[in-house]
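Hi everyone, thanks for coming. I'd like to walk you through a structure that may be new to you, so have a look at it while I talk.

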Amino acid sequence: MNQKSILLYLHVHQPYRIKHFTVFDVGNDHNYFNSTMDNDTNNEKIIYKVAEKSYLPTNQRLIQLLNDNPNFKLSLSITGTVLEQLEKWHQPALKSFQELVATNRVEIVAETYYHSLAFFYSIKEFEKQVEKHRQIIERLFNQTPKVFRNTELAYNNELAAWAESKGYTGILAEGWDKVLGWRSPNFVYRPVNTNRIKLFLKNYKLSDDIAFRFGDQNWSEWPLTADKFAHWLSEDTNATNFDLFMDYETFGEHQWDESGIFDFLSHLPSEWLKTPGHDFKTISEAIETFDTKDEIDMPYTVTWADTERDLSAWLGNSMQVNAITNLYNLEQTVLSTNNEAIIDDWRKLQTSDHFYYMCTKWFNDGDIHAYFSPYDNPYEAYINFINSFYDLKLRLIELGYSV
Amino acid sequence: MKILMLGWELPPFNSGGLGVASYNLCKALSLNNGIDIEFILPYNSQHNIDFMRITPAIDQSIKSIKRSGIAYDSFSYIDEQGQTRWLSMHDQQQIYEHAVSNLVENTTFDILHAHDWLTFRAALKVRERKNVPIILHVHSIESDRSGNKHGNPAVQDIEYSAMNLADRIIAVSNYTKLKIMEDYNVPENKIEVVHNKINPYEFVDYDQSNVYSGLAKFKEAGYSVVTSIGRLTIQKGLPNLLHAFKLVVEKNPKTILFIVGSGEQYRELIELAAYLNIGQNVMFADFQRGKNYRDAYLIGDLFVMPSVSEPFGITALEAIGYNSPILISKQSGVAEIIKNSLKVDFWDINEMANQISAVISDRVLHDELLNNSKREFENLSWDDAANDIHGIYNQFIGEAA
């Protein structure tokens, strides 16, 4: 009997979006994230909308699935910034996540609290944010993460070595063809120059069938049903693990209820599990079950974004590089203030989404539909960020620091 | 295929963007698409144009042409003896209409293509006499020019009847298309959008020494220069820019606003600048041509087009061609084709000030905007507009055949 597992991993995140913050606010208003406008920078409003449209209905289905199928399991990553906002503004959604985890069949994966790119700018800061995330997961879910994923699945050999040195048993990355070559993502791998840690690679074709193509009526496979999808997976006779990694908001937000995505989700476990030898596993269970197939070498950073699978959506233009470099240059001064509000604002500004909103490549490619942002264009995103940054700097100056 | 084109001006005897657009469009249509064009002008002059036939409707020889601030107010023609002759818009139109309707008696052509309301009465006259398709090319409508809905009712009457009788309307932007539908109740499927373009290769030939050496010295001393180029008329929204600029100067005293153009608001704007106490930060240059015109763009760190209503806004494209990033009002057609631009509602003075301040104090933002808009600019070509229009002609020629 052929043992095959689906590793379903969902990523939950919401940033603190910067409000319309003008040059006239610099030095006068120290709140960057408290928009009360009826627009897409109103974080409270967005949390409410996403919770109602996605978190609550999806968690309700997931709980049902966990109750109905003892062999259904999944993994989640939930950032500190979204947990904080749920605690403040939507307790029922937070409770529904806690209920999921309480089944003991949902594993939470480690990451940075602020969904930042700190690994590439300051290891010290990065480690502090991973630690802060561990604390909030322990406090809210009573679980200590053992598997690591970096923001946007940004991965390279150094990150794997770091994760192993910190005792993580597994790490997640994109199963990018250019790295895999002829190899399949449907096995467990070992990062080059490591001894114990296991690497799980997203099967982006299968994952994107659900996350991106599901509702596309022009797609040749539309409509995608759970039995068709389960059948595709069965056809790979050698595989051990199908790593279906995607944004949690796929369910109900990226793919709307009307697309049939929840029906798909509800039927997938029973369709998959009806064949003997098929199951679902958390990442940690897969680490215990499967041996590594081969070594994977990723000297350059690979992410799960765009066709380039690199960091160019966050650090591809000079506005992005300027903004993030200036921000990390403040590290020592910010930390030396011991001022919680300043440190917290500095960290919230590190959230990768701010830099993503400044991305101009889709404007230049003409593929403007790929630009998801609460702002009209990347330049407005940059102006709001840089004005907030100047205000933060002024606060340091007012405390007597020279920056 | 022969097109009879009714126009109002051609460079170098032009007072604004209409002449430039007509010229470039005809050039591409004739040279690339092999269209035979006869272009009728209201005056007689040497244009040095060999790609189409230019026929004067009225035998007035001129050396120069000037327009007062308001587009439909009056024209002054300066004849070869240097005498200035003013003609009211109404008289001018009547003469043109009469002349065109006589002219077409002995002319054969497949389609009549008329540019803007000044030629529309003549177009309607032709319709009475000849059974040819009428295409109207709309570069602006009355509510754009007057800055609000209450324009000149005589002009609105002409636009209304012409647009409703025409076989097809070409609008220079989606913005204009929507306004035509809104103001004149024209069905959507009768209007096609062909954006104005620019030929990037015409922008390579400029020298480095700038005629505005005073401004250059201010820049050396750490000043930034914000430019705005266009007619000083209500449509262009300059009072809002002055109000915004006051806020900019409060934050960045080393900033100069350089306003180039002429028009009926000239005195009003000077007085407003003084009243706002930013007189020392605002410089006015009159209407300029040639190197003086190009150098005005080149000296700027940011070009602002704050128009209340701008059907297209070719100056914004010229600004990019002369290395200036652009801040344009959302109420403009050019905003549809340059994504890498800052955009603001013409009435949002605080946001206008915020965005101007951001660009002049941040070189990274300036460069990113400029480099990316330049890439969009480089891909523009009048050839594309001509191909679109050729396609529209073919719809009618096809029907006839």
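Let me start with a small puzzle: what should the 13 residues of helix α9 of chain A span, and how far apart are the end C-alpha atoms? Before I answer, please keep in mind that this is a predicted model. Okay, the helix covers residues 261-273, and at 1.5 Å a residue it should span 18 Å. In the model its end C-alpha atoms are 19 Å apart, which agrees.

That doesn't make the helix free of a bend, though. α9(A) bends by about 35° at His267(A), and there is a proline, Pro269(A), within the four residues that follow. Pro269(A) is also one of the buried residues of this helix. The others are Ile261(A), Phe264(A), Leu265(A), Leu268(A) and Trp272(A). While you look at those numbers, here's a handy reminder: an α-helix has 3.6 residues a turn, so residues three or four places apart point the same way. And what do the buried residues of α9(A) pack against? They pack against β1, α1, α8 (226-235) and β9 (278-280), which belong to chain A as well.

Two of those elements bring me to my next stop. In the loop between β1 (4-12) and α1 (43-68) of chain A you'll find Arg17(A). Is Arg17(A) buried or exposed? It counts as buried, because it has 24 C-beta neighbours inside 10 Å, and the cut-off for that is 20 or more. Leaving aside residues up to four places away in sequence, Arg17(A) touches Phe33(A), Thr41(A), Asn43(A) and Pro374(A). If you want a sense of how the chain comes back on itself, take Ser373(A): it sits 356 residues from Arg17(A) in sequence, yet C-alpha to C-alpha they are 9.7 Å apart in space.

Now let's zoom out to chain A as a whole. It has 17 helices and 10 strands, and buried residues make up 50% of its 403 residues. Along its principal axes, the C-alpha trace spans about 70 × 45 × 45 Å. A compact globule with 403 residues would have a radius of gyration near 22 Å, and chain A has 21 Å, which agrees. If we take contacts between residues at least 6 apart in sequence, 77% of them in chain A join residues at least 24 apart.

On to chain B. Here we have 14 helices and 16 strands. The radius of gyration of chain B is 21 Å, close to the 21 Å from the globule rule for 401 residues, so chain B is as compact as a globular protein of that length. Its C-alpha trace spans about 65 × 45 × 40 Å along the principal axes, and 50% of its residues count as buried.

How do the chains meet? The contact takes 18 residues from chain B and 17 residues from chain A. On the chain B side, the elements giving two or more residues are β16 (342-344), α12 (349-360) and α13 (363-378). α13(B) gives the most, with seven residues. By type, that side of chain B divides into five nonpolar, six polar and seven charged residues.

Last, a word on confidence. The predictor gives the complex an ipTM of 0.89 and a pTM of 0.91. For chain B the mean pLDDT is 91, and 94% of its residues reach 70 or more. One stretch to watch is residues 68-72 of chain B, where pLDDT stays under 50.

Note on methods. Residues numbered from 1 in each chain as written. Chains lettered and ligands numbered in written order. Predicted model: local features only at pLDDT ≥ 70, side-chain atom pairs only at ≥ 80, totals over all residues. Buried ≥ 20, exposed ≤ 12 C-beta atoms within 10 Å, placed from the backbone. Contact = placed C-beta atoms within 7 Å. pLDDT = per-residue confidence, 0-100. Expected span 1.5 Å × (residues − 1). Bend = angle between axes of the 7 residues up to and from the residue. Rg over C-alpha atoms; globule rule 2.2 N^0.38 Å. Nonpolar A, V, L, I, M, F, W, Y, C, P; charged D, E, K, R; others polar.
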